[in-house]
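Student: Please give me a close look at the pockets and cavities of this model. Tell me what lines them, and then add a few local sites for context.

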Amino acid sequence: MQTAPHALSAAATAIRVLTVDAVREAGIGHVGLPLGCAEIGSVLFSEFLKHDPQDPNWFDRDRFVLSAGHGSMLLYSLLHLSGYKISLQDLRQFRQLGSITPGHPEHGMTPGVETTTGPLGQGIANAVGMALAERLLAERFGQELINHRTYVLASDGDLMEGVASEAASIAGHLKLGKLIVIYDDNGITIDGKTDLSFSEDVGKRFEAYGWAVQRIDGHDVQQIRLALGNAGSSDERPQLIIAKTQIGFGSPAVGTSTAHGHLGDAHVLATRSALKWTHEPFVLLEEAYEAFTPAKTRGKEAHAAWQSRKQRALEQPELKELWAQMVERKLPSNLDALMPDFTQDKPMATRQASGKIINALAAAVPSLIGGSADLAGSNSTTIAGSKVVSASDFSGRNLAFGVREHAMGSLANGLVLHGGIRPYVATFLVFSDYMRPPIRLASLMDQPVTYVFTHDSIFVGEDGPTHQPVEHVAALRTIPNLQVWRPADPRETVAAWRSALLRTGGPTALALTRQTVPTIELEGAEEKARRGGYVVIESDGEPELVIVATGSEVGLAVDAAKALAAEGKKVRAVSLPCLEVFFEQDPAYQRAVLGEARRLVVEAGVQQGLAAVIRPQDKFHGMRGFGASANFKKLAERFQFTSADVTRLARDLLNA
Ligand SMILES: Cc1ncc(C[n+]2csc(CCOP(=O)(O)OP(=O)(O)O)c2C)c(N)n1
Ligand SMILES: [Mg+2]
């Protein structure tokens with residue numbers, strides 16, 4: 001249904017005045033995109049977007065992602081006009097402390113904001129994850145329950161970023177036909193015209209990825225309407241609508257990079273007068289709201305119809321259970337019983353243990369869907385007996401991301417934000433840097449993504465220093481709200497996976513070994529590891545020295561403690577698989593584990609991440625530079641990570 005022309009035009013004007021007034025009130029912000037995309041936003045929200053502003057979490061709503069998060073006033077204005085719980089007062093509070101209208105859209109802060117955007121390229125890549133989630137769930141629950149589109153508004157900067165290319169390439173490959181990206185092709189970025197640095201034919205590029213491409217004038221409502229209608233008429237390929245717009249439309253700075261940010265007072269006044277707007281700031285006409293009234297009614301009806309379809313469908317007990325497990329995130333009550341019992345197994349690499357855990361849980365945790373950036377075998381991430389997801393078959397649970405770590409991380413955010421899926425994604429730990437931006441965003445958005453990072457130290461071996469992480473565990477530990485586990489053996493790996501699955505408020509990174517590690521011989525090691533740190537070997541009496549280690553170095557600490565005990569020394573060995581969890585324990589427990597004696601802290605990585613347990617009187621033994629290309633046993637000798645080395649270092653410290 002078409003919105004009446006006068007109402008559409010009133011809506012576009014309302015977006016423009018709200019934007020210039022809110023940015024002026026804040027003294028900072030971005031007007032260019034909202035002024036340039038006011039028609040696009042109005043047509044999309046009033047005529048196409050399937051949503052129910054009364055329930056921003058309706059599961060089968062269309063998703064809208066403003067990938068160019070700096071244009072947040074466009075989104076806030078549209079949400080306000082559409083009837084979400086964002087008042088004019090909230091808009092007046094744009095960018096103020098504690099407001100629900102922060103500088104860039106933030107997930108969880110504003111009703112209707114699907115994901116946190118601002119770092120360019122992330123939003124469009126998140127949207128690919130959301131569109132993929134839709135297909136995966138539609139396959140499982142049927143089109144009656146899952147059938148929605150994912151819309152994106154992306155800018156020049158978004159499409160310059162490499163992650164957008166990676167994500168668009170996957171979207172084309174998987175033929176995610178319900179993904180519709182509108183490209184705000186205004187030819188301007190902060191430094192000036194895009195021809196300074198950007199001259200490819202974006203349309204041809206996306207056509208080459210397998211997308212359908214349309215080109216329109218982004219200020220012509222009829223063209224916008226036709227293009228969105230076309231895009232929605234076929235689900236065969238993802239859709240790109242290249243909309244030529246004028247940044248800062250209506251302001252004296254139109255078409256220039258000056259319009260990207262905020263305008264001076266004179267420009268604000270000139271813009272208001274060009275729009276023939278004489279009302280006080282934050283006063284709107286009824287006509288502007290009128291444009292969105294039919295969409296509200298449609299959304300409400302569609303939502304109610306969906307509710308009754310859902311009720312009927314979930315009368316089937318299996319579907320009801322699947323809905324609870326996937327959409328409502330219900331975990332099996334016997335999670336611990338499902339975990340593999342490694343007590344009788346021969347020693348193995350922790351990546352191998354992780355693979356066994358994933359497979360042991362797969363049947364009971366259907367939301368667990370994931371994969372690797374072309375290293376599924378090495379990362380042990382494949383769910384046996386399940387297919388690789390492809391354009392023609394979304395029933396599988398193994399996602400082949402190709403060699404695209406950055407997009408993999410961003411897609412994982414889209415998958416988890418969409419709901420219904422507990423994604424895990426994998427690569428070598430050394431390449432975690434390639435996906436650091438989405439890891440940071442998952443942490444910021446409190447989203448439970450699990451990262452399976454294998455080959456976690458120099459003991460990768462012959463692939464050499466390019467493949468040997470030394471600073472990565474430390475670097476991951478710097479990200480707030482990310483829990484980093486470096487388990488020492490299979491049972492600690494169980495504790496790590498258990499923690500990742502039970503976590504609802506943030507992501508978990510698992511740093512897993514390539515090489516076989518000795519099994520910790522301790523009753524109840526898994527339960528103890530759940531606290532993030534525990535005593536593996538207690539000394540006979542008050543310890544004179546405590547050896548603290550993580551991951552593959554715990555075995556060395558154990559050997560050293562035993563060897564020194566034989567010499568009559570009192571040495572305790574402590575395993576610290578997850579610092580973040582350990583430091584959540586009560587202080588008395590932390591003190592009891594770490595003790596007062598001097599510490600030798602051992603981890604085959606750089607020192608920074610362990611600073612919290614290293615006091616001036618303690619000693620760190622780890623890596624001070626990069627590794628080398630050799631067999632891992634030779635590397636252990638070269639970098640002094642043998643049991644004899646750790647025993648000697650401990651003895652030195654005892655005698656110092
Ligand atoms: C990854 C990343 N790099 C840099 C920035 C800073 N930044 C914000 S907007 C922008 C470019 C603006 O150009 P465009 O994306 O075309 O938006 P427009 O000015 O047209 O609104 C840049 C570099 C950012 N937000 N994210
Ligand atoms: Mg631009």
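Tutor: The pockets come first, then the cavities, and after them a few local sites.

This is a predicted model, so to speak a computed one: local features need pLDDT of at least 70, side-chain atom pairs count only at pLDDT 80 or more, and totals for chains, interfaces and linings use all residues. Residues are numbered from 1 along each chain as its sequence is written, chains are lettered from A and ligands numbered from 1 in the order in which they are written, and side-chain values use heavy atoms, with hydrogens and water left out.

Some terms for the spaces. The search runs on a 1 Å grid over the protein atoms alone. A cavity is a set of points where a 1.4 Å probe fits but cannot get out. A pocket is an open set with protein on both sides within 12 Å along at least five of seven lines. Lining residues have an atom within 4 Å of a point. Points are joined across faces, edges and corners, and a volume is the space filled by probe spheres set on them. Helices (H or I, at least four residues) and strands (E, at least two) are DSSP runs, numbered from the N terminus. For residue classes, Ala, Val, Leu, Ile, Met, Phe, Trp, Tyr, Cys and Pro count as nonpolar, Asp, Glu, Lys and Arg as charged, and the others, Gly among them, as polar.

The largest pocket holds about 490 Å³ of space. It is lined by 22 residues, and Pro518, Ser552, Gly555, Leu556 and Asp559 are the closest to its centre. Four elements each give two or more residues to this lining: β15 (516-517), β16 (534-537), α23 (554-566) and α26 (632-638). The largest share is that of α23, with five residues. By class, the lining has 11 nonpolar, six polar and five charged residues.

The second largest pocket takes in about 330 Å³. Its lining has 21 residues, with Asn57, Arg61, His107, Glu114 and Leu417 the closest to the centre. Helix α18 (residues 405-418) gives the largest share, three residues. Here the classes are eight nonpolar, nine polar and four charged.

Now the enclosed spaces. There are five cavities of 30 Å³ or more. About 80 Å³ lies in the largest cavity. Its lining is Phe45, Leu49, His51, Pro56, Arg61, Asp62, Phe64, Leu79, Tyr84, Gly112 and Glu114. Arg61 and Glu114 thus belong to this cavity lining and also to the residues closest to the centre of the second largest pocket. The cavity lining divides into six nonpolar, two polar and three charged residues.

The second largest cavity holds about 50 Å³. Leu429, Asp456, Pro469, Val470, His472, Val473, Arg486, Glu603, Ala604 and Gly605 surround it as its lining. Five of these are nonpolar, two polar and three charged.

Next, a strand. Four of the five residues of β19 (residues 598-602) are buried (under 20% relative accessible area; exposed is over 50%, partly exposed in between; 1.4 Å probe, protein chains only). The strand is therefore largely enclosed by the rest of the structure. Two strands pair if DSSP finds at least two bridges between them. β19 pairs in the parallel sense with β17 (residues 545-549), over five bridges. Val546 has Arg599 of β19 as its bridge partner. β19 also runs parallel to β20 (residues 619-621), over three bridges. There, Val601 is partnered by Phe620 of β20.

Then the metal site. Donors are N, O and S atoms within 2.8 Å of the metal (3.2 Å for Na, K and Ca); water is not among the atoms, so sites may look incomplete. Asp156 (OD), Asn186 (OD1) and Ile188 (O) coordinate the magnesium ion (ligand 2) at 2.1 to 2.2 Å. Their spacing along the chain is D-x29-N-x1-I. Asn186 is buried, at 14% relative accessible area. Ile188 is buried too, at 8%.

Two single residues close the tour. Ser72 sits in helix α4 (residues 72-82). Its relative accessible area is 0%, so Ser72 counts as buried. Beyond its neighbours within four places in sequence, Ser72 is in contact (heavy atoms within 4.5 Å) with Leu66, Phe94, Pro102, Gly103, His104 and Pro105.

Thr504 lies in the loop between α21 (490-502) and β14 (508-512). At 55% relative accessibility, Thr504 is exposed. Leaving aside neighbours within four places in sequence, Thr504 touches Arg329, Asp446 and Pro448. Thr504 and Val449 are 55 residues apart in sequence, with 9.2 Å between their C-alpha atoms.
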